[in-house]
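Subject: Structure handover

Hello,

Here is the structure you are taking over. Please open it next to this email and follow along.

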Amino acid sequence: VISSLDGTLEISRSGRASCRASVDVSSLSYNVTLTCDLCKDGTVIKSWTASGKGSVSLDKSWYVTSGSDYQVVASATVYNSTGNYVDSGTAYSDVVSY
């Protein structure tokens with residue numbers, strides 16, 4: 001049901017972390033909840049959530065401190081029109097050391 005699920009992370013020299021997550025599902029009738037977690041050394045430090053139908057994306061930023069490893073984890077859950085669970089998935093960005 002999930003056609004694609006991606007998470008990406010870029011960190012600027014000033015410490016601005018650009019966190020992106022996107023999901024596409026096979027039918028516009030499905031409801032999707034997308035969560036984008038920014039992790040520092042494996043621990044979630046910031047989380048964003050969006051929901052919609054068919055295709056959902058998040059593009060957020062957060063300032064981070066130096067001396068750690070960062071990663072974005074994108075998680076999606078899909079429900080049908082009656083609210084029943086259909087599918088889920090998780091995607092991981094590359095780890096960025098800053």
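Below is what was found in it, from the whole chain down to single residues.

The model is predicted. Please keep that in mind for every value that follows.

**Overall**

The protein has eight strands and zero helices. Read along the sequence, the pattern is therefore simply β-β-β-β-β-β-β-β. Along the principal axes, the C-alpha atoms fill a box of roughly 45 × 20 × 20 Å. The protein has 98 residues, and 34% of them count as buried. Its accessible surface comes to about 5,400 Å², with 44% of that belonging to carbon and sulfur atoms. Among contacts with a separation of 6 or more, 56% are between residues 24 or more positions apart.

**The sheet of β1, β2 and β5**

Strands of a sheet pair through backbone hydrogen bonds, either parallel or antiparallel. One open sheet here has three strands in the order β1-β2-β5, and the pairing is antiparallel. β1 (2-11) and β5 (55-63) stand at the edges with a single partner strand each, so one side of each has no neighbour in the sheet. From one strand to the next, the twist averages 5 degrees. Strand β2 (residues 16-25) is joined to β5 by nine antiparallel bridges. To find this pairing on the screen, look at S18, whose bridge partner in β5 is S61.

**The pairings of β3, β4, β6, β7 and β8**

Start with strand β3, which is mostly covered: seven of its 10 residues are buried. β3 is joined to strand β4 (residues 43-53) by 10 bridges, and the two run antiparallel. In this pairing, D37 has S47 in β4 as its bridge partner. β3 and β4 form a hairpin with two residues between them, and D41 in the turn has a positive phi of about 50 degrees.

β3 (residues 31-40) also pairs with strand β6 (residues 69-79), again in the antiparallel sense, over 10 bridges. Two positions help to locate it: V32 stands opposite V78 in β6, and L34 stands opposite A76 in β6.

β6 has further pairings. With strand β7 (residues 85-92) it pairs in the antiparallel sense over seven bridges. A76 stands opposite G89 in β7. β6 and β7 form a hairpin with five residues between them, and G83 in the turn has a positive phi of about 90 degrees. β6 is also joined to strand β8 (residues 96-97) by two bridges, and these strands run antiparallel. There, the bridge partner of D69 is S97 in β8.

**The cysteines**

How many disulfides does the model have? The count comes to zero. A disulfide is a covalent bond between the sulfur atoms of two cysteines. Why is C19 not in one? The closest cysteine sulfur to that of C19 is in C36, 5.3 Å away, which is too far for a bond; the cut-off used is 2.5 Å. The same distance holds from the other end, as C36 is in no disulfide and its nearest cysteine sulfur is that of C19, 5.3 Å away.

Are these cysteines buried or exposed? C19 has a relative accessible area of 0% and is buried. C36 is buried as well, with a relative accessible area of 1%.

**Two residues outside the strands**

S68 lies in the loop between β5 and β6. At 9% relative accessibility it counts as buried, because the limit for buried is under 20%. The side chains of S68 and D41 are joined by a polar contact of 3.2 Å. D41 is the residue in the turn between β3 and β4 with the positive phi. Leaving aside neighbours within four places in sequence, S68 is in contact with K40, D41, V96, S97 and Y98.

V1 is in the segment before β1. Its relative accessible area is 38%, so V1 counts as partly exposed. V1 and V78 are 77 residues apart in sequence, while their C-alpha atoms are 8.1 Å apart in space. V78 is the residue in β6 that stands opposite V32. Leaving aside neighbours within four places in sequence, V1 is in contact with D24, V25, S26, Y30, V78, V86 and D87.

Regards

Terms used
Residues numbered from 1 in each chain as written. Predicted model: local features only at pLDDT ≥ 70, side-chain atom pairs only at ≥ 80, totals over all residues. Heavy atoms only, no water. Buried < 20%, exposed > 50% of the residue type's maximum accessible area, 1.4 Å probe, protein only. Pairing = 2+ DSSP bridges. Helix = DSSP H or I, 4+ residues; strand = E, 2+ residues; numbered from the N terminus. Axes fitted to C-alpha atoms, helices over the stretch in contact; angles between N-to-C directions. Polar contact = N/O pair within 3.5 Å; in protein donor to acceptor, adjacent residues only side chain to side chain. Contact = heavy atoms within 4.5 Å. Areas by Shrake-Rupley, 256 points an atom, 1.4 Å probe, with all protein chains shown as cover.
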